Amino acid sequence: MFDFHLASRSSTEDDASQFPAFIHKEEYRDLLAKWGFLQPGEWSLQRYQYSFAERAPLANEVAAGGTMPGCGVPAASADGARLPAKAAANSPSPVTAAALRFHHGMAKDFLRSLFSSSLVRSHLKGAVGDERATLRFRPLTCSWTTLQPLRQALVDAKVVRQVRPVMDNADASERNPHGGGGDEDCFRLPTVKCAEELLPHGEMISDELRALFLQAHQRSCSGVGHSSAAFDTQSEEAESGSYADEDDDGWGVMAGAKLPLRQLRRVFDKSARGELLYHLLWRLIAGSGPLNQFEDDAAAYFDVARQLYRSLVTSFHVREVAVLGRNSESVDDDVAALESPNEPPSTTRYEAVIDALVYEVSSAPGLRLFPASDGVAPSNLNYCYVVVSAMEQTVCVWYHHC
């Protein structure tokens, strides 16, 4: 149904046109290497261009009640009139039409085609063939277009501290050499330390930030096997929030942290943990396992997460939002007109609406993506994200295994 080819060079090639582009910059490349990424065979970050493999229907097939490729929708009723030749010639191509209709309902067929592609499989170095493996995935949301919700929640929960260092203009430029990050980039976010503890795979928990992302929402699953079904079951239990009231549920009393795990679990609710930005920050904090050299300043994770998000999510549109008053919340234009027809909006602002669709894939048809376990579920080190930009007909795949 779909054909795939590389939209740009591989992330593992030392070339100026590689994807994502921010990896060329020395400060980002050094950070990713410090966190254990960029190891050949352990991770892959690729962008593919996709096209619809089915041919376009002929005019007489459309008039006879055929179906449009890729959507299964009848193109015309059986007794419908034959399309004029000029109208057929001027009608949108099936590729453009299908791209505009891309939605979550097409995800299953799309992901099956994606992971059946020999090109895509060649970049999943850690995956092994398994005839019993089936497609398992879940959609993520992209309603967050700024890191502010993450930052504020961590500061309010006393997981990190927000500190504005004293600096002159030269120091500020060095702190944020790329710009575009806003005034919040001037803040340092030192992590709050806690007693050290090792996770089953050897990752060190030494601060509340790592305890929150790598431990609070995970269950120990050592000895349950490495099958994706076992991990999915454990992950669903952890994501459901059905934890014991006490903190000794698999980790030991207080888990070596100053903040109780039940308190850390309240920092982000289930919907927040389904946001792509949350997942990006989580994966960067986890790094590539025991060799990860973690940061004492969480601002470094936020900076790289921003760049990674901009590389993965490139399809969006801008929506105009009316603001009625200085302290009022933004509302839709139609609602504003109904509530105050005689009072025009005082200001107008614009907000970005993400068009990309994001999926977290835990298993592919005939392919075991994660043969090894890191001993916790949801896994901190095994993940595969697929970001589809239908308007550009591109798909990004970020894959990592322990």
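1. The side chains of Arg-188 and Asp-297 form a salt bridge, with N and O 4.0 Å apart. The two residues come from distant parts of the chain, 109 residues apart. Arg-188 sits in the loop between helix 8 (169-175) and strand 5 (193-198), while Asp-297 sits in the loop between helix 12 (276-286) and helix 13 (299-312). Asp-297 is buried, at a relative accessible area of 14%; Arg-188, at 34%, is partly exposed. The 14% of Asp-297 counts as buried because the term covers values under 20%. The model is a predicted one, and this applies to every point in this note.

2. A salt bridge also joins Asp-296 and Lys-193, where the closest N and O atoms are 2.6 Å apart. Asp-296 belongs to the loop between helix 12 and helix 13, and Lys-193 to strand 5, so the pair ties together parts 103 residues apart in sequence. Both partners are partly exposed: Asp-296 has a relative accessible area of 46%, and Lys-193 has 36%.

3. Asp-130, Arg-132 and Arg-368 are joined into one network by salt bridges that share partners.

4. Glu-360 and Arg-138 make a further salt bridge, their closest N and O atoms lying 2.9 Å apart. Here the link runs between strands: Glu-360 is in strand 10 (residues 357-363) and Arg-138 is in strand 4 (residues 136-140), with their positions 222 residues apart in the chain. Glu-360 is buried, with a relative accessible area of 14%. Arg-138 is partly exposed, with a value of 29%. The salt bridge count comes to nine. As background, side chains of opposite charge can pair when their charged atoms come close.

5. Strands 10 and 4 both belong to an open sheet of six strands, ordered 1-2-14-13-10-4 and paired antiparallel. Strand 1 (2-6) and strand 4 are at the edges; each has a single partner strand, so one side of each has no neighbour in the sheet. Direction ignored, neighbouring strands of the sheet are turned against each other by 30 degrees on average.

6. Within this sheet, strand 10 and strand 13 (residues 383-389) run antiparallel and are joined by four bridges. Tyr-359 stands opposite Val-386, a residue of strand 13. The salt-bridge partner Glu-360 is likewise in strand 10.

7. Helix 5 (residues 107-116) lies across the strands of the sheet: strand 1, strand 2 (43-52), strand 4, strand 10, strand 13 and strand 14 (394-400). The helix runs at about 50 degrees to strand 1.

8. For the chain as a whole, there are 14 helices and 14 strands. Of the 402 residues, 47% are buried. Among contacts in the chain with a separation of 6 or more, 73% are between residues 24 or more positions apart. The Glu-360 and Arg-138 pair, 222 residues apart, is one link between distant parts of the chain; Arg-188 and Asp-297, 109 residues apart, form another.

9. The chain exposes about 19400 Å², and carbon and sulfur atoms supply 51% of this area.

Technical notes
Residues numbered from 1 in each chain as written. Predicted model: local features only at pLDDT ≥ 70, side-chain atom pairs only at ≥ 80, totals over all residues. Heavy atoms only, no water. Buried < 20%, exposed > 50% of the residue type's maximum accessible area, 1.4 Å probe, protein only. Pairing = 2+ DSSP bridges. Axes fitted to C-alpha atoms, helices over the stretch in contact; angles between N-to-C directions. Contact = heavy atoms within 4.5 Å. Areas by Shrake-Rupley, 256 points an atom, 1.4 Å probe, with all protein chains shown as cover.
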